[in-house]
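Subject: Handing over a structure

Hello,

I am passing a structure on to you, with some notes to help you find your way around. Please have a look at it before reading on.

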Amino acid sequence: RRLLCLDAGSGRIRWAQRWRRPFVGGPMVEGVQVLVATDDGLLTALDRRSGLFRWQLATPSTWRPSPGRGRIVAGVVGTPALAGDTIYFGSLGGWVYALVARTGALRWRLNIGHPVQSPPAVTTKGLRVVDGSGYLHDLSLLNGDRMGGGMRSWYDSALSAPAIGADTIYLATEGALLALTPGGGLRWRHPLPKARGARRSIRGRGAWRGSTPPAPVLARGVVYHSDRLGHLLALDSRSGELLWKRRAARGLYTAPTPAQEGLLVGSGDGRVLLLSRPGECP
C-alpha cells in the first residue's frame with residue numbers, strides 16, 4: 001500500500017507515500033499532479049514532484065444488504081478518465097463524477113441507479129459508462145446529460161469497461177470477448193474460459209480481482225485481454241481471429257499497457273513483463 005515515484009532512468013525512488021487502504025486501478029498523471037483512488041471512496045491528488053497532498057474528494061457510501069448482515073459500499077472504480085481539464089470516474093454508490101482536474105472542484109455528477117463497476121471511457125462523442133446491470137450509458141462530457149437511449153447488453157450483466165474503436169465497441173463478459181457496433185449489433189465473439197476449478201487460485205491474485213472482467217485494450221488494430229486462467233490474448237480487431245496467446249505462471253495482475261518499447265503487463269509473481277511491440281507476435 002505504497003505509492004512510489006521512480007526515476008525513469010535509474011529506477012531510484014524519488015518519493016513514496018503510504019496508504020491505509022488498498023488502491024483501485026493505477027495512478028493517473030495529470031499535469032503537475034498524480035491522481036490515485038482507494039477502496040474507501042477517496043480520490044486523492046498529490047504533487048507529481050514532491051508527493052505532497054493537493055486535494056481530495058470523498059464519494060458517498062451506500063448501504064448494501066448481504067446474507068446475515070448489511071455492508072457499506074464505497075469506492076472509486078479504477079483509474080479515472082481524462083479529457084482536457086476534466087477527469088471522469090464512477091463509484092460503487094452508483095454515481096458518475098466530472099471534476100476540474102487541477103482543483104478537484106465538481107463540474108457535475110449523475111446517479112445512474114446501479115453501481116459503476118468499471119472505469120468510464122471517453123470518446124469523441126461523449127462518455128460511455130457501464131453499470132452493474134449491464135447497461136451501457138452514453139453521457140455528455142459537458143454536463144452529464146444522457147445522449148440517445150444507451151444500450152442494454154443481452155449477453156451478461158457483468159461487463160467490463162468498454163474499449164472504443166473507430167466504429168466498434170469492445171467489451172468483455174464472464175464468458176466472452178465481444179466486438180459490437182455502436183448500436184449494439186454483434187461483429188464477432190471470442191469465447192473465454194469460465195475457470196471453475198482454477199477460479200479461486202487465479203482470480204484472487206490475477207487481473208480478475210472482482211466480479212467485473214478486466215477491460216480489453218485496443219492498440220494498432222489488435223485487441224488484448226487477460227482471461228481467468230492467466231492468459232494474455234491478442235486478437236485481430238476486425239475479425240476476432242486469435243493471433244497469439246501467452247500465459248504467466250501465476251496469473252496476470254494487471255491489464256496490458258501498450259508502450260513504445262512493447263507491451264507491459266504485471267504478473268502475479270511480482271514481475272513486470274515486457275512483450276513484443278503491439279501487433280507483433282512474441
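Below is what was found, starting with the whole protein and then going through some of its parts.

**The whole protein**

Please keep in mind that this is a predicted model. The protein has 27 strands and one helix. Of its 282 residues, 49% are buried. If you take the contacts with a separation of 6 or more, 37% of them are between residues 24 or more positions apart. The accessible surface comes to about 14,000 Å², and carbon and sulfur atoms account for 50% of that.

**The start of the chain**

Strand β1 (residues 2–6) is paired with β2 in the antiparallel sense, over five bridges. One pair to look for is L4, which stands opposite A16 in β2. The two strands form a hairpin with six residues between them, and in the turn G11 has a positive phi of about 80 degrees.

There is also a nonpolar patch on the surface here, formed by L4, L6 and I13. Together these residues have about 250 Å² of accessible area. I13 belongs to strand β2 (residues 13–18). Its relative accessible area is 42%, so I13 counts as partly exposed.

**A sheet of four strands, β3 to β6**

Next comes an open sheet with the strand order β3-β4-β5-β6 and antiparallel pairing. Which strands are at its edges? They are β3 (28–30) and β6 (53–58), each of which pairs on one side only. From one strand to the next, the twist averages 20 degrees.

Within this sheet, strand β5 (residues 42–47) runs antiparallel to β6, and five bridges join them. You can find T44 with its bridge partner Q56, which is in β6.

**Strand β10 and its partners**

Is strand β10 (residues 86–90) enclosed or open? Five of its five residues are buried, so β10 is largely enclosed by the rest of the structure. In a regular strand, the side chains alternate between the two faces of the sheet. Both faces of β10 are covered: on one side T86, Y88 and G90 are buried, and on the other I87 and F89 are buried too.

β10 pairs with strand β9 (residues 81–83) in the antiparallel sense, over three bridges. In that pairing, A83 stands opposite T86. β9 and β10 make a hairpin with two residues between them, and G84 in its turn has a positive phi of about 65 degrees.

β10 also pairs with β11, again antiparallel, over five bridges. T86 turns up here as well, standing opposite V100 in β11. The hairpin of β10 and β11 has four residues between the strands, and G94 takes a positive phi near 95 degrees there.

**The loop after β11**

A105 is found in the loop between β11 (95–100) and β12 (106–111). With a relative accessibility of 37%, A105 counts as partly exposed. Which residues is A105 in contact with, leaving aside its neighbours within four places in sequence? They are A98, L99 and V100. V100 is the residue that stands opposite T86 in the pairing of β10 and β11. You could also look at A105 together with W55: they are 50 residues apart along the chain, and their C-alpha atoms are separated by 9.4 Å.

**Another sheet of four strands, β21 to β24**

Further along is an open sheet in the order β21-β22-β23-β24, with antiparallel pairing. The edges are taken by β21 (217–219) and β24 (242–247). Each has a single partner strand, so one side of each is left without a neighbour in the sheet. The twist averages 20 degrees from one strand to the next.

Three bridges hold the antiparallel pairing of β21 with strand β22 (residues 222–226). One pair here is A219, standing opposite V222 in β22. The loop between β21 and β22 contains R220. R220 is not a glycine, although it has a positive phi of about 55 degrees. Its relative accessibility is 63%, and R220 therefore counts as exposed.

I hope this makes a friendly way in.

Best wishes

Key
Residues are numbered from 1 along each chain as its sequence is written. This is a predicted model: local features need pLDDT of at least 70, side-chain atom pairs count only at pLDDT 80 or more; totals for chains, interfaces and linings use all residues. Side-chain values use heavy atoms; hydrogens and water are left out. Two strands pair if DSSP finds at least two bridges between them. Axes are lines fitted to C-alpha atoms, for helices over the stretch in contact, and angles run from 0 to 180 degrees between N-to-C directions. Buried means under 20% relative accessible area, exposed over 50%, partly exposed in between (1.4 Å probe, protein chains only). Contact means heavy atoms within 4.5 Å. Patches are made of residues with over 30% relative accessible area and no salt bridge: like charges are joined within 9 Å, nonpolar side chains (Val, Leu, Ile, Met, Phe, Trp, Tyr) within 5 Å. Accessible areas come from the Shrake-Rupley method with a 1.4 Å probe; for residues, only the protein chains shown count as cover. A salt bridge is a side-chain nitrogen of Lys or Arg within 4 Å of a carboxyl oxygen of Asp or Glu.
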